[in-house]
Amino acid sequence: MRAMRLARPNEALRMEEFTGASAGPGEIRVSVSACGVCRTDLHLVDGELPNPKLPIVPGHEIIGRVIALGEGASRFRIGERVGIPWLGWVCGRCEFCRRGEENLCPFARFTGYQIDGGFASEATADERFAFRLPDNYSDEAAAPLMCAGLIGWRALNAAGDAGRLGIFGFGAAAHIVVQVADARQQKVFGFVHPGDEKAKSFARAMGAVWAGNSDAPPPEPLDAAIIFAPVGDLVPAALRAVRPGGTVVCGGIHMSDIPSFPYNILWGERTLRSIANLTRRDAAEFLDFAGKTPLDTRTVRYPLSQANAALSDLRDGRLMGAAVLIP
Ligand SMILES: [Zn+2]
Ligand SMILES: [Zn+2]
């Protein structure tokens, strides 16, 4: 197999060849047909996430077909198409796991972070953390569902019953969330980097009723806002944009420091919260929804060997939609 591997943070990924990898007990081995590129991969490469396994093959939006079953693995058949997301393993015993909050398990292991991921021609996963996919998506179109879609789904649910929803940062997650919100009759207001006209048109094209600069107020107060851009300055901006009783959800795994802000923008029973990772229940619910409500994922395709180019296009804000690597 071939893989783009990170030896040390702040270095480029390097193509390497491996032989002899196989599926262990309870695992499936898949031939990767597409893998999405997520901002978390960028944080990993930039050294912004603590304690990665190194060297590591990044990538946690894996679409592939099962080519081998480890001992005792029986959920899938050889040849079946599966998706493999960020959550790769949990302990099942701790207080979080027992409460149904496996996304917070302190012993959790994540795909492309502690477990080699999908920037590769093959990958291995614990079969309990892989999912069947709805048929109405190509491999390339399904890849962004596995994190941008899933995390977006969790963030949208955390935002509550918001008729008027703000989204700060209009990348891969936002372009899926806006469609889910639209299907739920929620109006989306898209906030982009000031002056980024291309991103504004993209937000409107995907279903936002309004798109504007993140440093300006929305045309009407919002019931909730989700921040996907990893920019701490957006937290006070989002709090100012939501009505009393409204909620601001931080959807990213990493964010620059949040500047201090006056208490009166939190006062009025506004809630500020984050979401972390995903549960298998989120995945099952979201993939079921995506099967019934076709989502138009916009992808930009790169060959596996161009993973570094995909990451720099993401870093520089050049992507409209989601980058997907094709091995
Ligand atoms: Zn646990
Ligand atoms: Zn991700």
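# A tour from helix α7 to the zinc site and outwards

Begin with helix α7, whose buried residues pack against four strands, β10 (164-168), β13 (222-227), β14 (242-250) and β15 (271-274). Bear in mind throughout that this is a predicted model. To see which side chains are involved, select Leu-234, Val-235, Pro-236, Ala-238, Leu-239 and Ala-241, the buried residues of α7. Six of the eight residues of this helix, which spans residues 234-241, are buried, and α7 is therefore largely enclosed by the rest of the structure.

Keep Ala-238 and Ala-241 highlighted while you turn to the nonpolar cores. The largest of them has 97 residues, and the ones with the most contacts inside it are Val-30, Phe-119, Leu-165, Phe-170, Ile-226, Phe-286 and Leu-295. A second core, separate from that one, consists of 16 residues, among them Ile-227, Ala-238, Ala-241 and Cys-250. Colouring the two sets separately is a convenient way to follow them.

Stay with Cys-250 for a moment. Its relative accessibility is 11%, which is under the 20% limit, so Cys-250 counts as buried. Where is the nearest cysteine sulfur to that of Cys-250? The sulfur belongs to Cys-38 and is 16 Å away, and Cys-250 is in no disulfide. A search extended to the whole structure likewise finds zero disulfides.

Cys-38 leads to the next stop, the zinc ion (ligand 2). Select the ion together with Cys-38, His-60 and Cys-147: the zinc is coordinated by the SG atoms of the two cysteines and by NE2 of His-60, at 2.0 to 2.2 Å. Along the chain these donor residues follow the spacing C-x21-H-x86-C. His-60 is in the loop between α1 (39-45) and β4 (62-69), while Cys-147 is in the loop between α3 (139-142) and α4 (148-158), so this pair ties together parts that are 87 residues apart in sequence. Both of these donors, His-60 and Cys-147, are buried, and for Cys-147 the relative accessibility is 7%.

Now trace the loop between α1 and β4 that holds His-60, and stop at Pro-55, which is found in that loop. The peptide bond from Leu-54 to Pro-55 is cis, with omega near -10°. Asn-51 also lies in the loop between α1 and β4, and although Asn-51 is not a glycine, it has a positive phi of about 50°. Such features deserve a closer look in the viewer because most residues other than glycine have a negative phi, and most peptide bonds are trans. Is Asn-51 buried or exposed? With a relative accessibility of 67%, Asn-51 counts as exposed.

A further positive phi, of about 70°, is found at Asn-10, again not a glycine. Asn-10 lies in the loop between β1 (2-5) and β2 (14-17) and is exposed, with a relative accessible area of 61%.

From that loop, move into strand β2 and select Met-15, which lies there. Met-15 is partly exposed, its relative accessible area being 36%. Which residues does Met-15 touch, once its neighbours within four places in sequence are left aside? The contacts are with Arg-2, Ala-3, Met-4, Leu-304 and Ser-305. Drawing a distance from Met-15 to Phe-286 takes you across to another region: the two C-alpha atoms are 33 Å apart, and the residues are 271 places apart in sequence.

Phe-286 belongs to the contact between α4 and α8, so the next selection is this pair of helices. Helix α8 (residues 280-292) and α4 pack at an angle of about 105°, with their axes 10 Å apart, and the two are therefore roughly perpendicular to each other. From α4 the contact is made by Gly-149, Leu-150, Trp-153 and Arg-154, and from α8 by Asp-282, Ala-283, Glu-285, Phe-286 and Phe-289.

Two helical residues remain. Asp-313 has its place in helix α9 (residues 307-315) and counts as buried at 17% relative accessibility; apart from neighbours within four places in sequence, Asp-313 is in contact with Tyr-302, Arg-318 and Leu-319. Finish at Lys-198, found in helix α6 (residues 197-206), which is exposed, with a relative accessible area of 57%. Between Lys-198 and Ile-62 the C-alpha to C-alpha distance is 28 Å, for a separation of 136 residues in sequence.

Conventions. Residues numbered from 1 in each chain as written. Chains lettered and ligands numbered in written order. Predicted model: local features only at pLDDT ≥ 70, side-chain atom pairs only at ≥ 80, totals over all residues. Heavy atoms only, no water. Donors = N, O, S within 2.8 Å, 3.2 Å for Na, K, Ca; no water. Buried < 20%, exposed > 50% of the residue type's maximum accessible area, 1.4 Å probe, protein only. Disulfide = S-S within 2.5 Å. Core = buried A, V, L, I, M, F, W, Y, C linked by side-chain atoms within 4.5 Å. Axes fitted to C-alpha atoms, helices over the stretch in contact; angles between N-to-C directions. Parallel < 35°, antiparallel > 145°, perpendicular 65-115°, else oblique. Contact = heavy atoms within 4.5 Å.
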